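Visitor: I'm new to reading protein models. Could you take me on a close look at a single part, and then show me how that part sits in its surroundings?

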Amino acid sequence: MNRRNFLKQSAFTTAGTMLIPHFLKAYEAQMMGQGLAASNGKILVVVQLSGGNDGLNTVVPYRNDIYYRERPTIAIRPEKVLTLNDEIGLHPAMTPLKALYDEGLVTVVNNVGYPNPDRSHFRSMDIWQTASDSDAYLRTGWVGRYLDAACAGKAQQPFRTIEVDDTLSLAMKGNNLNGLAMLDPKKLYNQTRGNLVTNLSKEHPTNEPETVSYLYKTLAATVSSAEYVFNKAKVPGTNATYPNAELGNRLKTVSQLIQVGVDTSVYYVSISGFDTHINQPGQQERLLGQYAEAVGAFMTDLKAAGRQNDVMLMTFSEFGRRVKQNASNGTDHGTANNVFLIGGGLPAKRVLNEAPNLSKLTDGDLTYSVDFRQIYATLLHDYLGVDDVAILGRKFNGVKIV
Amino acid sequence: MNKQTKQQQLRYLFARAGFGATPAELTEASRSTLRKVVRQLVNNGTSVVGLRVVEPEENRTKRQLKGMFRPGQLDKEMLREQIRNNAQKVRDLNLQWLDQMASGQDALREKMALFWHGHFACRTMGRNPLFMQQYANTLRQHALGNFRDLLMAVSKEPAMLQFLNNQQNRKNAPNENFAREVMELFTLGRGKYSEYDIKEAARAFTGWQFTPEGQFVFRAQVHDEGEKKIFGKTGAFNGEDVIAMLLENPQTARFVTAKIYRSFVNETEDEKRVDQLADQFYKSGYDIAGLMETIFTADWFYEAKNIGAHIKSPVELLVGLRHTLGVQFDQPQPQIFVQRTLGQLLFYPPNVAGWPGGKNWIDSSSLLFRMQLPNYVLKAAEVTVQPKEDGDVNTQLLARKGGATFHTKVNWDDFEKAFVKTTDAGLPDALAALLLPFPLRPDQRVLVEKQTKPGQSRSEQVRTLTAVLMSLPEYQLT
């Protein structure tokens, strides 16, 4: 299917689904617990590192002369690296991640990117979030289209995909339905409890332009979803201790929702600050430390609950950075990068593919060998058990992770 | 639904052709015919006052600044300061334009310019306020003029040439980005040209460059003078020739008219009607004002199916609220905060395809925020929401939090005057007739009335009811 047909078909789907009658009745029936839409019980947690994390100082090619030559002041010294194999190892701030690796919970995928890479933050993030080609502009995200597919012909349940934040990313927007943004269940619940909002959410005007019913439908779904998640999450879920930083707090919320049994299959979380043009070492060390500690706490928590095999955490950034450092002890925007897959019952302890080849660069940047959409396809098809082609618009060969 | 009263028609016209109306504007307009009101909107303001945040001679691009840094004319701290200054000026430009829109002066021109900003989308990176200032003023200058002039002018804007990498488009090393977007997004639309046309057109656009001072220049030495074959024609074409060919193709009129129809009439395209309008647009030699006048005076424009069918963009929402109530913000940051949170920050469209618009504006969190907005602006309610950081160090200035509350001044006096003769019982409906696309439904009226407290003064009643009506989902629509 080419791009245009995909867009056409998506547009068509929108028109079609709007005609589904008795939306609210069906929705309320679901809320009463009369059978939830089917899912295979697997949960995906996406952690987005915004700003372009420097992959070469995250997964360090510690035996590569070119790496040390091109980064005279910011390279990670070999003796400090937490070795994964005899070529690469993790940044020293990532001890908790190394521990997870040693336990067999981490898979590293090197050289992930896409054709004709874009070095603008915004554009490249759009490409990752929409799973588009670099010359196409999609209005929906890959998780949003997953939500469309998961709810097709069933109750429209925004909470099946949750972004732990105040606002919703493009990744979470579908053709028919958008995911739910929720920093924490109580905050969203309170926002929907004003007497005006609550009362309006019970109104279902029908005799006016479709925009009106769309707004009221969105409002009703938001209020019910907020109430559903809030009520579920009231009972104790996790007692684990998390680092008191943004990512730690957000992953704790995810764990809480998972453990109380909220019917959500995809969670989306992001952490920002990786745009390290100036004085990279201190900044990146702090962020990678925060990341590794939060993820370490999260997986430890899930292990204690016996859930480490049905929760997979994927981490990506919109691009990696240049091989050669710049004049300000930093790095500029690059292209291909590594992706972590953690938990999910994957085979133990692996670096999935070859380390970056620093002698075969494209315009001074790493050459990608895995299209990120191959990873999405694998997660959608093999892990979440849904039709990846319908969601990604065409077939991408999976990566062999299972 | 019944036929609209003239008052309803006027309200709807001002909402679509501008950013809504004040009670005084509606009263004034009700004294003339609808046709005359439209005429005035279309012809208003033949001279455009430029937005101005930077003088051309004092502008320094990032590259120029770095050039001064190397030989030691600037120290590191000053370099950073200057770069920050540039980002701040782009922010000031944003706010100046918002003020202009909210003033209600030449409303249709500003509304069209906002539309063209989405059509000829260009993202600043926060680096060059002069380029953005010129770009914005070009859009405003030609907003209601001739699309030929607009297309040519905006294609030659340094901001656009830079954004679409045409500086890197050289003889023997073509960069197709500019040629592709000109065809796909500005004129013909996707699929109405071949990849070969783009390749060849890119060669024609080689040499279209700009100077650091913001001047377009044609650099003959990097221009490919060879023969090109574009749309089946062969010749030693240059950039102007390609633009002329694109304008000669009626598909350009069709594509642009359809987009205008979707933004100003209804997101669902009426193909026959758009065909007719496009035909007129083409035959008129791309007269934008003429096209808009035809739309706003047509009977079908006022049909019930179109009223309330448009979801306000975040800028339309914010500016409309400001205009109707004469709101002034004490500090600049909250207005940036609102734009960022709701996903439409002027000069930062998501990509060259512009803001998707329509239902794409609405999700659970944006709808709740929109419904809270009147409380933030009019009642200084506490803001707890925080927009995402996009990770780019260059936009950190814009990411700074808006503060827990907004400080504003509202011109309630003028607003309240319009309702002195209205009875207490009639107040909700009278306000709704000004603020909403539809009359209140009975259950809705009950809910709205419940929000007032017994014993409130007239002034308090007006304020309470206005904030409530502006919090309704229907206020998101025009």
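Guide: Let's start with strand 1 (residues 43-50) of chain A and strand 9 of chain A, which run parallel and are joined by seven bridges. Please keep in mind that this is a predicted model. To see one point along this pairing, find A:L49, which stands opposite A:S317 in strand 9 of chain A.

Now stay with strand 9 of chain A. This strand covers residues 311-317, and seven of its seven residues are buried, so the strand is largely enclosed by the rest of the structure. You can sort those residues by the way they point: A:V311, A:L313, A:T315 and A:S317 go one way, while A:M312, A:M314 and A:F316 go the other, and all are buried.

Strand 9 of chain A has another partner too. With strand 10 (residues 337-343) of chain A, strand 9 of chain A pairs in the antiparallel sense, over four bridges. A good place to look is A:M312, whose bridge partner in strand 10 of chain A is A:G343.

From strand 10 of chain A we can step across to strand 5 of chain A, since these two pair in the antiparallel sense over five bridges. Here A:T107 has A:L341 in strand 10 of chain A as its bridge partner. Strand 5 of chain A spans residues 106-113, and eight of its eight residues are buried, so this strand, too, is largely enclosed by the rest of the structure.

Strand 5 of chain A also takes part in two parallel pairings. One is with strand 11 (residues 350-351) of chain A, over two bridges, where A:V108 is matched with A:V351 as its bridge partner. The other is with strand 12 (residues 370-371) of chain A, again over two bridges, and there A:G113 has A:D371 as its bridge partner.

Let's go back to strand 1 and look at what gathers around one residue, A:L44. Not counting residues up to four places away in sequence, A:L44 touches A:S265, A:V266, A:M312, A:M314, A:L379, A:Y383 and A:L384. You have already met A:M312 and A:M314, among the residues of strand 9 of chain A that point the other way from A:V311.

A:L44 also belongs to a bigger picture. The largest nonpolar core has 250 residues, and A:L44, A:V45, A:V269, A:I342 and B:L469 are the ones that touch the most other members. Helix 9 (residues 210-233) of chain A gives this core its largest share, eleven residues. As background, nonpolar side chains tend to be buried together in soluble globular proteins.

Elsewhere in chain A there is a separate pattern to compare by eye: an open sheet of three strands in the order 2-4-3, with antiparallel pairing. Strand 2 (59-60) and strand 3 (82-83) of chain A are its edge strands, each pairing on one side only. Strand 3 of chain A meets strand 4 (residues 89-90) of chain A in the antiparallel sense over two bridges, and A:L82 has A:L90 in strand 4 of chain A as its bridge partner.

Now zoom out to the whole of chain A. There are 13 helices and twelve strands in this chain. Its radius of gyration is 22 Å, close to the 21 Å that the globule rule gives for 402 residues, so chain A is as compact as a globular protein of that length. Along the principal axes, its C-alpha atoms fill a box of roughly 70 × 50 × 35 Å. Of the 402 residues of chain A, 55% count as buried. Among contacts in chain A with a separation of 6 or more, 72% are between residues 24 or more positions apart.

Finally, look at where chain A meets its partner. The contact takes 42 residues from chain A and 40 residues from chain B. On the side of chain B that touches chain A, helix 18 (364-379) and helix 22 (442-449) of chain B each supply at least two residues. Helix 18 of chain B gives the largest share of that side, five residues. By type, the residues on that side of chain B divide into 17 nonpolar, twelve polar and eleven charged.

How confident is the predictor? For the complex, the predictor gives an ipTM of 0.94 and a pTM of 0.90. Chain B averages a pLDDT of 93, and 96% of the residues score at least 70.

How values were computed. Residues numbered from 1 in each chain as written. Chains lettered and ligands numbered in written order. Predicted model: local features only at pLDDT ≥ 70, side-chain atom pairs only at ≥ 80, totals over all residues. Contact = placed C-beta atoms within 7 Å. Nonpolar A, V, L, I, M, F, W, Y, C, P; charged D, E, K, R; others polar. Buried ≥ 20, exposed ≤ 12 C-beta atoms within 10 Å, placed from the backbone. Pairing = 2+ DSSP bridges. Core = buried A, V, L, I, M, F, W, Y, C linked by C-beta atoms within 7 Å. pLDDT = per-residue confidence, 0-100. Rg over C-alpha atoms; globule rule 2.2 N^0.38 Å.
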